[in-house]
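Dear colleague,

Please find the structure enclosed for your attention. My notes on it are set out beneath.

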Amino acid sequence: MPLTNEQIILRLKEKFGDQLFEIDTPYGMLTFSVSKDLNLKVLQFLYDDTELRFQFLTDICAVHYPDRKDEELAVVYHLHNLVDNIRIRFKVYTNIQSPDVFTATNLYESANWMERETFDFYGINFVGHPNLKRILNVEEMDYFPMRKEFPLEDQTRTDKDDEMFGRGGTHDFGNTRDERIHGTLIEKNK
Amino acid sequence: MARPVRFNNTEKLIEEPEGYMGEGFMATSFDKVIGLARKNSLWPLPFATSCCGIEFMATMGSHYDLSRFGAERLGFSPRQCDLLMVMGTIAKKMGPILRQVYLQMAEPRWVMAVGACASSGGIFDTYSVLQGIDQVIPVDVYVPGCPPRPEAIIDGFMQIQNLVGQESLRRRNSERYTELLASYSIQ
């Protein structure tokens, strides 16, 4: 009989009990969260368990939730059981002041580049990673561009008029309009 | 009655430069002769990174045929080429490489920025994309469009030809040119 989400969650609860939270199956994909100290234990268990056999790491990425106090950054692991063809994902949360998460490179070689990418864009510090440096962005970049406090647009430009791009005279990334400003706002006055 | 098959008898010949001519000789200035030779034998170096490059392929193909303008021969080594055609989005990480390709070209060299991305970053107003290649190398002609049609690329090419044909032989030694290159920290 093929593996089901219910069996997976039962097996995980046997092992980790109440340490699992936010268990849900959005669009049929089992999703749960654990504390960040447990990420390697969960990965290892999912890998070794003869029933679960999640032995393929599809993706590691991160999410920035600016509103969640002390758990602003989430690292998401996507795993695939190639035998039963079933996928799961789980998240660990970390605060943004010291975003230290243990590296999965000892278990999965493929985690090397994925963690570098996650570091590159979100600044997650993967503790124990053999070569944690930027992989996609220019090396001189001094911030983590996918964090929400940084606007998407290139900040080095002075000759583009934001008004022409539908984002002039606004605050909070265009969510609220500045009542004091009517018409076009030139770049240097922003 | 006209013949059913027409031969191409409307070929346009290049106009000869101004000069003094007699039987078996012609006297004119080096500027004009060399300009004429250069502008009709440009070797383009295609630096194609995205959709503008596809339009360029059409431009090089038989239908539009850039060869008609003397650019028959694309070079794929910057050391051989006169005209750098940058077609497509240049990411910031690619900026130093583009600059190096430019530096490897021998003088005189010209640069054409084809399409919105190469000219200004285009729709990619984002942290990872160079907002116009003129931030790293000097550009002679900008071709607008997203992507530009082959006609527009040919028009840009003819603008380059104009520049090449009229350029003084001393231009590359001028103080102004040195200053321009110095503003890009090129010696």
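The paragraphs that follow describe one helix of chain A, a pair of helices in chain B, and the contact between the chains. Please bear in mind that this is a predicted model.

Helix 3 of chain A covers residues 111-122. With twelve residues at 1.5 Å a residue, helix 3 of chain A should span 16 Å, and its end C-alpha atoms are indeed 16 Å apart, which agrees. The buried residues of this helix are A:Ala111, A:Met114, A:Glu115, A:Arg116, A:Thr118, A:Phe119 and A:Tyr122. Among the elements that cover these buried residues are strand 3 (56-64), strand 4 (73-81) and strand 7 (125-127) of chain A. Just after helix 3 of chain A comes A:Gly123, which takes a positive phi of about 70 degrees.

In chain B, helix 2 (residues 51-60) packs with helix 5 (residues 150-166) at an angle of about 75 degrees, and their axes are 9 Å apart. Angles of 65 to 115 degrees count as roughly perpendicular, and helix 2 and helix 5 of chain B are therefore described in that way. On the side of helix 2 of chain B, the contact is made by B:Glu55, B:Phe56, B:Ala58 and B:Thr59, which meet B:Pro150, B:Ile153 and B:Ile154 in helix 5 of chain B. By class, the residues of this contact are five nonpolar, one polar and one charged.

As to the two chains, nine residues of chain B are in contact with nine residues of chain A. The side of chain B that touches chain A consists of two nonpolar, four polar and three charged residues.

With kind regards

Notes:
Residues are numbered from 1 along each chain as its sequence is written. Chains are lettered from A and ligands numbered from 1 in the order in which they are written. This is a predicted model: local features need pLDDT of at least 70, side-chain atom pairs count only at pLDDT 80 or more; totals for chains, interfaces and linings use all residues. Axes are lines fitted to C-alpha atoms, for helices over the stretch in contact, and angles run from 0 to 180 degrees between N-to-C directions. Helices (H or I, at least four residues) and strands (E, at least two) are DSSP runs, numbered from the N terminus. Angles under 35 degrees count as roughly parallel, over 145 as roughly antiparallel, 65 to 115 as roughly perpendicular and the rest as oblique. Two residues are in contact if their C-beta atoms, placed from the backbone, lie within 7 Å. Ala, Val, Leu, Ile, Met, Phe, Trp, Tyr, Cys and Pro count as nonpolar, Asp, Glu, Lys and Arg as charged, and the others, Gly among them, as polar. The expected span of a helix is 1.5 Å times one less than its number of residues. A residue is buried if 20 or more other C-beta atoms lie within 10 Å of its own, exposed if 12 or fewer, and partly exposed in between; C-beta atoms are placed from the backbone.
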